[in-house]
Amino acid sequence: MSDRGERRDYRREPARRPPPRRRPPVRRSGRGFGWLLLLAAVAVVAIFVATSSVFGRNDDTATPTATTVEAPPVSVTFPEGLRREDMAKILGEKTQLSPDEYLAATAVGPRGQRLANSDQPKSLEGFLFPATYQVGSKTTVADLVDAQVAAYGDREAQVNYSYAKKRNLTRLDVLIVAAMVEREVQEPTERPIVAGVIYNRLRQQMRLDIDATVQYALGFWKPELTATDLQIDSPYNTRRFPGLPPGPIANPGLDSIKAAARPVESDYLFYVARADGTGRHYFATTSAEFEAAIAKSRANAGG
């Protein structure tokens, strides 16, 4: 069929745009927020670990820190009237300190010098004040000796030496007298009386005849002295040599030092132990009274 007679409109119709495509809605999930939480948790853990490394860990896997507990100090008591050897023995029994080292450390003069003059002490005998001292694990022999000498200085500063000085006795002389009094006297009230006897005998240039000095010369305390003991050739033997011994025979306490510095004034020249269990003495002025006192002492002892 022919289209020759048909009229056509060749005008273009505007092209129709397709309707915009709608994007499907985006579904939001919790994955992103979860990652943030995970990162935060990791950061917290890292901070905790770093802090633990600085301030120490508290868990069971932490390595414990080693601690050293120092042992408490030991109380060491030195009674009045001991000699250096006695003190050294006590140290060896109660502490870790060496008795030999103690004897070596105290075998010097009061100022740490070895004194050769006969009128000066040859050791620290007498200057080692009897008291209770604390000996710790770090205490040395030198520490203890220094403490004893310092204690003597503190106590000795309380003593009035004016009476002794007027009678030409030095402080060392007083210490020597005090050591003899300490060894001879058991009853405290008799200390100044016995010291007075020593003063009187020195003034009259009599031998002191004190048995404790013989015991010191022997090197040990002996309850009964023999005739041979009394003849020992030692400047400390006041049974043979007049005057004071060259140094203290023991380490006296403060009461004996005070008694030696200010004795009781009397006419007594003799004394003898009563031997009746009281620890007291009979005192006498004359030789006859002394012999009578000796007889009473022997009777008390059952002799």
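Me: Which helix gives the most to the lining of the largest pocket?
Reply: Happy to start there, with a caveat: this is a predicted model, where local features need pLDDT of at least 70 and side-chain atom pairs pLDDT 80 or more, while totals for chains, interfaces and linings use all residues. Numbering runs from 1 along each chain as its sequence is written, and side-chain values use heavy atoms, without hydrogens and water. A pocket is an open set of points on a 1 Å grid over the protein atoms alone where a 1.4 Å probe fits, with protein on both sides within 12 Å along at least five of seven lines, and lining residues have an atom within 4 Å of a point. Elements supplying at least two lining residues include α6, α7 (191-203), α8 (211-218) and β3 (270-273), but the top contributor, with five residues, is α10.

Me: How are the helices and strands ordered along the chain?
Reply: DSSP runs define them (helices H or I, at least four residues; strands E, at least two). The chain has 10 helices and four strands. Along the sequence they read α-β-α-α-β-α-α-α-α-α-α-β-β-α.

Me: How many residues of α6 are buried?
Reply: Buried means under 20% relative accessible area with a 1.4 Å probe, protein chains only. Across the 303 residues of the chain, the buried share is 34%. In α6, buried residues include L172, D173, E182 and E184. This helix is mostly covered, and of its 14 residues the buried ones number 12.

Me: What distance separates the end C-alpha atoms of α6?
Reply: Helix α6 takes in residues 171-184, and at 1.5 Å a residue it should span 20 Å. The expected span is 1.5 Å times one less than the number of residues. The model agrees with that expectation, because the end C-alpha atoms are apart by 20 Å.

Me: Which element gives the most to the largest nonpolar core?
Reply: Such a core joins buried Ala, Val, Leu, Ile, Met, Phe, Trp, Tyr and Cys residues through side-chain atoms within 4.5 Å. Here it holds 54 residues, and among those touching the most other members are F78, V174 and M180. Elements giving two or more residues include α2 (84-94), β2 (132-135) and α9 (254-261). With nine residues, the leading contributor is α6.

Me: Which residues is F78 in contact with, leaving aside neighbours within four places in sequence?
Reply: Contact means heavy atoms within 4.5 Å. In the chain, 61% of contacts with a separation of 6 or more join residues 24 or more positions apart. For F78, the partners are M87, I90, L91, P130, A131, Y133, L144 and Q148.

Methods:
Buried means under 20% relative accessible area, exposed over 50%, partly exposed in between (1.4 Å probe, protein chains only).
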